[in-house]
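Thanks for coming. I have one structure to go through today, so let me put it on the screen.

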Amino acid sequence: MASLLQPDRAVYLVRGEKKIRAPLSQLYFCRYCSELRSLECVSHEVDSHYCPSCLENMPLTEAKLKKNRCANCFDCPCCMHTLSTRATNIPSPLPDDPTKMAMKKAYYLACGFCRWTSRDVGMADKSVASGGWQEPENPHAQRINKLMEYYQQLAHREKQERDRKKLARRRQCMPLAFSQHTIHVVEKYGLGTRLQRQRSGAPISSLAGLSLKEGEDQKEISIEPAQALDEVEPLPEDCYTRPINLPEVTTLRQRLLQPDFQPACASQLHPRHKYLLKKRSLRCRKCEHNLSKPEFNPTSIKFKIQLVAVSYIPEVRIMSIPNLRFNKESQVLLTLTNPVENVTHVTLAACEENDPDDINSTAKVMVPSKELTLAGKDAAAEYDELAEPQDFQDDPDVVAFRKSNKIGFFIKVVPLKEEDGDVTVSFRIRHDFRNLAAPIRPSEEAGDAAAEAIWLTHHVELRLGPLVP
C-alpha cells in the first residue's frame, strides 16, 4: 500500500512558499484556506518541554537554565540507553563501634542493555536513590561562560544600535515639537513598553532601551584573547608500540555526545543527562489557524487539533502494477478512498502539455473521463450484514470493484522514455469538499454557506516502478 508500506510511491503537490511533493500521510489540510500544507509551510510553536523517561513537565525558562536536560534521568555513555538506579547491600562500619560491620543499602546507575555501571568509571555509590550524582567538572567551563557573557553583551549592543537607527528615521517624519517632547518623556520615564504593541512575527524592542544612559551602569566585560602555543604536549613514548585494546577505545559517536570532555578511553565515560523532548503546535502561516495542537499533559498522546490530510482528502493508492514496457500500453489498478462521511464526487484529468507542475512524468497516462462517486465513510457498515449496498451504476471498464468508501479503478499508461529509472505518471484529481468547521463570525447567511460544497484540485504523482526489458 502506498501510504503504509511505500509512502513515497504516491505523492501530492503542495504549492506553498516552495513546491513540495510528499505523501498524503505526511501533509496537513487547512480547513480555512482549503489548501494542503507541509511541514515547510507552517509555523512551529513549542508548547512544552518534558523528559521522555520520567515524564516531568518543565517550563521553557527552566528548560533553558538546565540546558534542555533532565536533572534526574541519565543516558548510558556507551549505548545511549536509559540508565536505571540499582540497589545493593554493602558492609559498613557502625558509628558507635567501628569494629563491627552492618549491611547498608547503596545505589548506583546501571544499563540493562550493555551492562555498563557507574562503578566502571569510579563513581561513588549513593545512600539515597534520588538526587544529584557526582559529575566531572569541565576545566574550561569558566572560560566558556565568560565568552558567552561577552558575546551576549555584544549582541545586546548591536541590537540597541539598530533600534537607534530606526528611531532616528522615525524622528524625521515627526513634527519638531511633538518629536522632541515625546522622545524626551519616553527616554526619561521609560514609557516605551506601554506605547509599543506586540505583533506576531515582529521583534519585541522597547523604546525605553534606546537611551544613551543605559550602558553606563552596565559593567564592561572584557576577555583575554587566546594565546597560541609554540610548543605542544609531546606524545607518549609508547604511543606507536603499545598494543591497542579496541574495547577500551571510545567511538566517534561517544566522543561527540560529550563534546566538553571528548573522552578517549572507556574508563573516562560518564553518564550524561537525558535530553528533553518537546510538544509543538503547527500553525498555518496564511490564516494563522492551528493545524496540530497536542494535549499539554506529557502522558497523553492525544491531540486537541489534528488536521491531517488523510482525514479530508481522497487518497490514491497503487494496488497492482503490470509489466511495463517501452511505448506499449499497460493497465494499472489504483484505489481511491473517501475519508469523510459525505458522498464525494471525484473527476480525474491528465496534465496539460506545458503544465509547470508536470516535470517528472516519463509516461503518458489516460484516466477515466467519467465522474467517480465515493460513498461516505461509515465505520459500522463493514460489520452490518443487513445493510443494503448502494447502487452507483459503475462502469465495469472503469471501476474494478467497490467496497464501502473505497473503489478500485483502471488507468492506462504508455511509457515514453526508455530509462533505467522508475516510470512516473502525473494527473490531477478534482473533488468536492464540504467545510464543516464553524465560521469565525457566524451570521444568518453563513449558516447555509458553511455547508456548500467547494471543488478542490490536487496534483498527484505515481511512481510505478522500472520497465521490463
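I will go through the pocket, the cavities, the aromatic contacts and one hairpin, in that order. Keep in mind that this is a predicted model.

The pocket, then. The largest pocket encloses about 930 Å³ of space. Its lining is made of 29 residues, and those nearest the centre are Lys 67, Arg 69, Glu 135, Asp 260 and Phe 261. By class, the lining of the largest pocket has 14 nonpolar, eight charged and seven polar residues.

Which elements each supply at least two residues of that lining? They are strand E7, residues 69-75, helix H2, residues 141-173, and strand E10, residues 272-275. Of the lining of the largest pocket, H2 gives the largest share, with six residues.

Next, the cavities. There are two cavities of 30 Å³ or more in the structure. I will take the second largest cavity, whose volume is about 30 Å³. Its lining consists of Thr 362, Lys 417, Glu 419, Gly 421, Asp 422 and Val 423. Three residues of this lining are charged, two are polar and one is nonpolar.

On to the aromatic contacts. The structure has four aromatic pairs. One involves Tyr 150 and Tyr 151: the ring centres are 5.3 Å apart and the planes are at 75°, which is over the 60-degree cut-off, so the pair counts as edge-to-face. How exposed is Tyr 150? Tyr 150 has a relative accessible area of 24%, so it is partly exposed. Tyr 151 is at 48% and is also partly exposed, because exposed would require over 50%. Elsewhere, ring pairs connect Phe 29, Tyr 312 and Phe 433 into a cluster.

Two charged side chains also sit over rings. Arg 119 lies over the face of Tyr 108, 4.2 Å from the ring centre. Lys 126 places its charged end over the ring of Trp 133, at 5.0 Å from the centre.

Last, the hairpin. Strand E19, residues 399-403, and strand E20, residues 406-415, run antiparallel and are joined by four bridges. Where in E20 does Arg 402 find its bridge partner? The partner is Ile 407. Between the strands of this hairpin there are two residues, and Ser 404 takes a positive phi near 55°.

That is what I had. For anyone opening the file later, Lys 67 and Arg 69 are among the residues nearest the centre of the largest pocket, and Ser 404 is the place to look for the positive phi in the hairpin of E19 and E20.

Notes
Residues numbered from 1 in each chain as written. Predicted model: local features only at pLDDT ≥ 70, side-chain atom pairs only at ≥ 80, totals over all residues. Heavy atoms only, no water. 1 Å grid on protein atoms, 1.4 Å probe; cavity = no way out; pocket = protein on both sides within 12 Å on 5 of 7 lines; lining within 4 Å. Points joined across faces, edges and corners; volume = space filled by probe spheres on them. Nonpolar A, V, L, I, M, F, W, Y, C, P; charged D, E, K, R; others polar. Phe/Tyr/Trp six-rings, centres within 6.5 Å; stacked < 30°, edge-to-face > 60°. Buried < 20%, exposed > 50% of the residue type's maximum accessible area, 1.4 Å probe, protein only. Lys NZ or Arg CZ within 6 Å of the ring centre and 35° of its normal. Pairing = 2+ DSSP bridges.
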